[in-house]
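Let's walk through this predicted model together. We will begin with nonpolar packing and then turn to charged pairs.

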Amino acid sequence: MSADPLTAAVPAADLVRELVLREQTVATAESLTAGLLSAAIAGVPGASAALRGGLIVYATELKHTLAGVDADLLRTDGPVAARTAEQLAVGARTRCDATWGCGLTGVAGPDSQDGHPVGTVFLGVSSPWHSEVIRLQLQGDRWTIRIAATDIAVRELLRCVRADRTR
């Protein structure tokens, strides 16, 4: 993945176009990306028709209080975990009243966290009829990892929206 902040621009435009065509929306709950995903989507002209909002849940307790991640899950699995990413995605979708939710959590470095090496990222995608989590192992410095996670999240959201045949 390139560290160029504009790498997500074309797929983000495609994502907004697909969501608008389907009359669907998206919301985010972001930890390690701290709003970069929402910003990438919001950078597309016309994004207001598709982007409902986002939650920046960098602090662990905010994953629970803002995004609704189960407190027991945070204690057992931790803030960097597949089930946490899934609940972040569900929380973004339900709390922002969106069709799709995306949750991102991981370790951007410079140090490992709770046994997870730098570059570990969990990406959750949720709709009322679909949820999935993808584990990524990215390389690079903090900025490169955060940009790559954002780029992959846009592309995975687009893939899920396009694959949806319910509408």
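A good place to start is the largest nonpolar core, which has 32 residues; Leu 37, Trp 100, Leu 104, Val 121, Leu 138 and Leu 157 are the ones that touch the most other members. Two or more residues each come from helix H1 (9-22), helix H2 (36-42), strand E3 (100-106), strand E4 (120-127), strand E5 (130-137) and helix H6 (142-163). H6 supplies the largest share, 10 residues.

For a closer view, take Leu 138. Beyond its neighbours within four places in sequence, Leu 138 is in contact with Val 118, Gly 119, Val 121, Ile 145, Ala 148, Ala 149 and Ile 152. Another core, of 12 residues, lies apart from the largest one, and its members include Leu 55, Val 57, Leu 74 and Cys 96.

Now for the charges: the model has eight salt bridges. In one of them, the side chains of Arg 162 and Glu 18 meet at 3.5 Å, N to O. Because Arg 162 sits in helix H6 and Glu 18 in helix H1, this pair ties together parts 144 residues apart in sequence. Arg 162 is partly exposed, at 37% relative accessibility, while Glu 18 is buried, at 17%.

Helix H6 also holds Asp 151 and Arg 155, four residues apart and so separated by about one helical turn. Their salt bridge brings the closest N and O atoms to 3.0 Å. Here Asp 151 is buried, with a relative accessible area of 3%, and Arg 155 is partly exposed, at 40%. Elsewhere, salt bridges with shared partners join Glu 18, Arg 22 and Arg 162 into one network.

Definitions and conventions:
Residues numbered from 1 in each chain as written. Predicted model: local features only at pLDDT ≥ 70, side-chain atom pairs only at ≥ 80, totals over all residues. Heavy atoms only, no water. Core = buried A, V, L, I, M, F, W, Y, C linked by side-chain atoms within 4.5 Å. Buried < 20%, exposed > 50% of the residue type's maximum accessible area, 1.4 Å probe, protein only. Contact = heavy atoms within 4.5 Å. Salt bridge = Lys/Arg side-chain N within 4 Å of Asp/Glu carboxyl O.
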